[in-house]
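Q: Please take a close look at one part of this structure and describe how its helices are packed. I would also like to hear about unusual backbone geometry elsewhere.

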Amino acid sequence: MKYKSHRIAMNFFTFAVLLFLVQVLVGLIAAGQFIKPDFFIISFNIIRTLHINALVVWLLCGLMGATYYVVVEETEGELWNLPLAHFQFWATAIATILVVIGYIVMGLNPQANKWVFGTLILNEGRTYIEAPRWADCLIALSAILFLFNNVMTIIKSKKITGIQGTLIGGMVFLTLMYLPGMVYIKSMVKDQFWWWWVVHLWVEGAWEVIAGALLAFMLLKVTNAPRHVLERWMYIEVFLVLFTGILGIGHHYYWIGTPPYWLWIGAIFSSLEPVPLLVMVWDAFRTTRENRIINNRIGLFLSVAHAIFNFVGAGLWGVIHTLPQVNKWTHGTQITNAHGHLAFYGAYVLLIVAIIYIAVPNIKGLKDFNTDRAYKAFWWMTVSMILMVLTLTGAGMVQVYMERLMGVDYVVVKEHYNYWFWVFRAFFGVGFLIGVGLLVLDYFTMGNLPVRKGASNIRTTASA
Amino acid sequence: MENNGYRNLFIFGSLACFAILIALTVNTFGKLDQRAEPITEEVNAGKMVWHKYDCIGCHTILGNGSYFAPDMTKIASRIPKSYLKKFLMDPKKTNAHATMPKLGITAEEADQLIVFLDWISKVDTNGWPPKPIMTVTAGNVADAYTKYQCADCHSISGVGGTSGPDLSHEASIHPDADWQLRHLTDPASVVADSAMTPFPDMSQEERTQIVNFLLTLK
């Protein structure tokens with residue numbers, strides 16, 4: 001380990017991959033509940049809460065680990081305050097575990113979720129941001145300590161790079177956008193208005209800015225592309241992300257009781273949201289084409305895969321139902337669900353997996369290493385996810401046609417016409433779990449297996 | 001520093017977009033209250049119940065939430081409130097096919113939740129959810145069956161709601177016309193603890209029309 005500070009990044013990555021495994025395990029329970037609702041001791045709402053919260057927290061931990069790693073690499077020195085970083089990691093991990101215990105308690109006894117001083121003690125009952133207020137405060141504190149430590153590190157080193165600045169900017173934006181979710185509002189319309197500030201401005205704003213910065217960093221690390229070219233494109237991408245994404249929030253304000261002018265704003269800006277994601281794909285391919293010497297092939301492979309599936313999942317699967325004329329029929333159906341799965345997988349799961357395969361070998365000091373299992377994990381996960389998303393898209397099309405257009409009852413469509421879609425989804429879910437299992441195994445054993453002849457992770461010749 | 005122009009485009013361009021969002025937010029908040037009924041303490045109490053049981057973990061509301069159970073935006077405008085109350089307190093006892101577990105919702109909480117659901121059903125949502133454009137019907141139903149929106153709760157040959165019993169073979173299950181008449185007049189008098197709402201405004205002629213129709217469903 002070149003820097004002691006890398007231990008922090010490793011801790012976050014380890015916690016992230018373990019939570020990823022938990023997320024997919026509970027996801028499989030949820031998939032089973034679509035087929036047989038009563039089969040598990042905890043009901044669907046709590047299983048889903050666990051599935052989604054595990055996702056959000058492990059991605060955040062992955063992003064924090066990535067940021068600590070990038071800041072140390074870019075400033076070429078230790079973190080400003082190492083014990084503070086350790087404290088921040090353990091506080092985050094312990095708070096997460098406490099929140100999870102709270103959810104499970106509520107799952108076993110719904111009455112345990114009581115109102116105390118105007119807040120719910122175990123679960124706020126608001127998708128994605130269910131974490132109770134006391135946990136919100138801990139999360140905000142953790143984010144502030146994290147930002148403070150990284151900013152101080154940069155200031156101390158006097159080396160501020162474009163990548164680092166953009167990454168920290170994205171992290172500040174992310175932290176600020178957590179705050180609108182921390183107030184109780186009596187109107188459900190206003191509640192959902194602010195809720196979308198958190199959810200949308202995270203996943204289609206701050207997180208995509210972070211993804212843009214990390215993509216530039218990853219391409220810089222695995223190829224010998226010139227920094228100024230990567231940073232220039234990064235600025236263009238992240239500008240376009242926010243130019244389309246900030247007002248693209250309008251596509252969530254079509255039907256929640258907000259004025260009709262949002263139909264126009266949402267339609268225009270959110271239709272443009274795939275553009276920056278397409279530029280990222282082009283950027284990744286251009287960099288790969290122009291720089292044939294690669295010091296980490298799996299890292300580059302995953303970076304490009306992230307760019308492609310970010311565009312397909314978040315971009316294409318989003319734009320198909322973003323116009324109000326379409327969304328009027330598809331809003332709140334399995335189409336949204338399909339989009340959610342592919343978008344999170346492409347945009348963020350693959351992003352964290354890619355940064356792990358770039359950071360961890362470097363932290364462990366591996367020059368070359370066996371990547372067979374990494375590719376196997378990637379293909380198991382990716383093929384399973386694509387099939388699962390196609391299944392959910394099919395279920396969504398049946399639902400839109402039968403329930404929304406023909407007026408057949410929701411329950412009838414779900415229980416009869418979509419039954420086999422749920423079975424297939426669970427089946428592909430098992431495939432995904434196998435992929436995640438391989439990934440976690442490979443994470444802990446990276447570098448243990450000898451490099452197979454002809455399967456080097458490094459490409460040194462420009463001719464290949 | 002050759003990228004300064006691009007960097008500034010990112011920083012100031014993004015801040016400008018965010019400033020527009022804030023301006024629109026202020027404008028929107030000035031309009032929201034006219035697009036919904038006033039929020040009473042009861043409505044708020046119902047919203048608190050909604051959050052307490054993490055209803056959104058299975059249901060959507062205003063189309064947002066989870067896709068495991070039906071959307072709740074317009075539920076209070078379609079399903080009788082007396083049924084909703086019984087269902088919320090003990091779903092499976094009220095509807096044998098229900099998936100929803102018994103959460104321990106009290107009578108008071110159920111009342112509050114229904115007030116909240118009633119409030120949300122009156123929010124101006126720009127016409128969402130839209131009315132189906134290819135509406136299917138279960139053959140030639142009686143006019144009164146349509147008038148009293150029986151299909152909101154009951155289904156015939158797969159068409160209609162799932163809150164009440166399926167009527168596809170009602171004539172074989174309850175062939176007695178007198179039983180049917182008494183049931184329509186006062187459901188609880190023939191089915192103990194019936195969750196069906198009585199229809200006091202229904203004329204005798206309309207009752208007979210519905211009963212005659214039901215008795216064709218062998």
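A: What follows starts with one helix pair and then moves to single helices and backbone details.

The model is predicted. The part chosen is the packing of helix H9 (residues 177-185) of chain B and helix H11 (residues 204-214) of chain B, whose axes are 10 Å apart and meet at an angle of about 130°. That angle makes H9(B) oblique to H11(B), since angles over 145 degrees would count as roughly antiparallel and 65 to 115 as roughly perpendicular. The crossing of H9(B) and H11(B) is right-handed.

H9(B) contributes Ala177(B), Gln180(B), Leu181(B), Leu184(B) and Thr185(B) to the contact. On the side of H11(B), the partners are Gln204(B), Arg207(B), Thr208(B), Ile210(B), Val211(B) and Leu214(B). By type, the residues in this contact of H9(B) with H11(B) are 6 nonpolar, 4 polar and 1 charged.

Chain B also has some backbone features to note. Most residues other than glycine have a negative phi, and most peptide bonds are trans. The peptide bond between Trp128(B) and Pro129(B) is cis, with omega about -10°. Pro129(B) sits in the loop between helix H6 (107-121) and helix H7 (143-147) of chain B. Gln149(B), in the loop between H7 and strand E3 (155-156) of chain B, has a positive phi near 50°. Gln149(B) counts as exposed because its relative accessibility is 52%, and the cut-off for exposed is over 50%.

In chain A, Phe117(A) likewise is not a glycine and has a positive phi, about 50°. Phe117(A) belongs to the loop between strand E1 (115-116) and strand E2 (119-120) of chain A, and its relative accessibility of 84% makes it exposed. A positive phi of about 60° is also found at Lys158(A), just after H4(A). Helix H4 (residues 133-157) of chain A itself has 25 residues and reaches 36 Å from its first C-alpha to its last, close to the 36 Å expected at 1.5 Å a residue.

Helix H9 (residues 274-290) of chain A has 17 residues, and its reach of 24 Å from first C-alpha to last is close to the 24 Å expected at 1.5 Å a residue. The buried residues of H9(A) include Pro274(A), Pro276(A), Leu277(A), Val279(A), Met280(A) and Val281(A). Asp283(A), Ala284(A), Arg286(A), Thr287(A) and Thr288(A) in H9(A) are buried as well. The buried residues of H9(A) pack against four named helices of chain A: H6 (188-222), H7 (227-248), H8 (261-271) and H10 (297-319).

Notes
Residues are numbered from 1 along each chain as its sequence is written. Chains are lettered from A and ligands numbered from 1 in the order in which they are written. This is a predicted model: local features need pLDDT of at least 70, side-chain atom pairs count only at pLDDT 80 or more; totals for chains, interfaces and linings use all residues. Side-chain values use heavy atoms; hydrogens and water are left out. Axes are lines fitted to C-alpha atoms, for helices over the stretch in contact, and angles run from 0 to 180 degrees between N-to-C directions. Helices (H or I, at least four residues) and strands (E, at least two) are DSSP runs, numbered from the N terminus. Angles under 35 degrees count as roughly parallel, over 145 as roughly antiparallel, 65 to 115 as roughly perpendicular and the rest as oblique. A crossing is left-handed if the near helix is turned anticlockwise from the far one by less than a right angle, and right-handed if clockwise. Contact means heavy atoms within 4.5 Å. Ala, Val, Leu, Ile, Met, Phe, Trp, Tyr, Cys and Pro count as nonpolar, Asp, Glu, Lys and Arg as charged, and the others, Gly among them, as polar. The expected span of a helix is 1.5 Å times one less than its number of residues. Buried means under 20% relative accessible area, exposed over 50%, partly exposed in between (1.4 Å probe, protein chains only).
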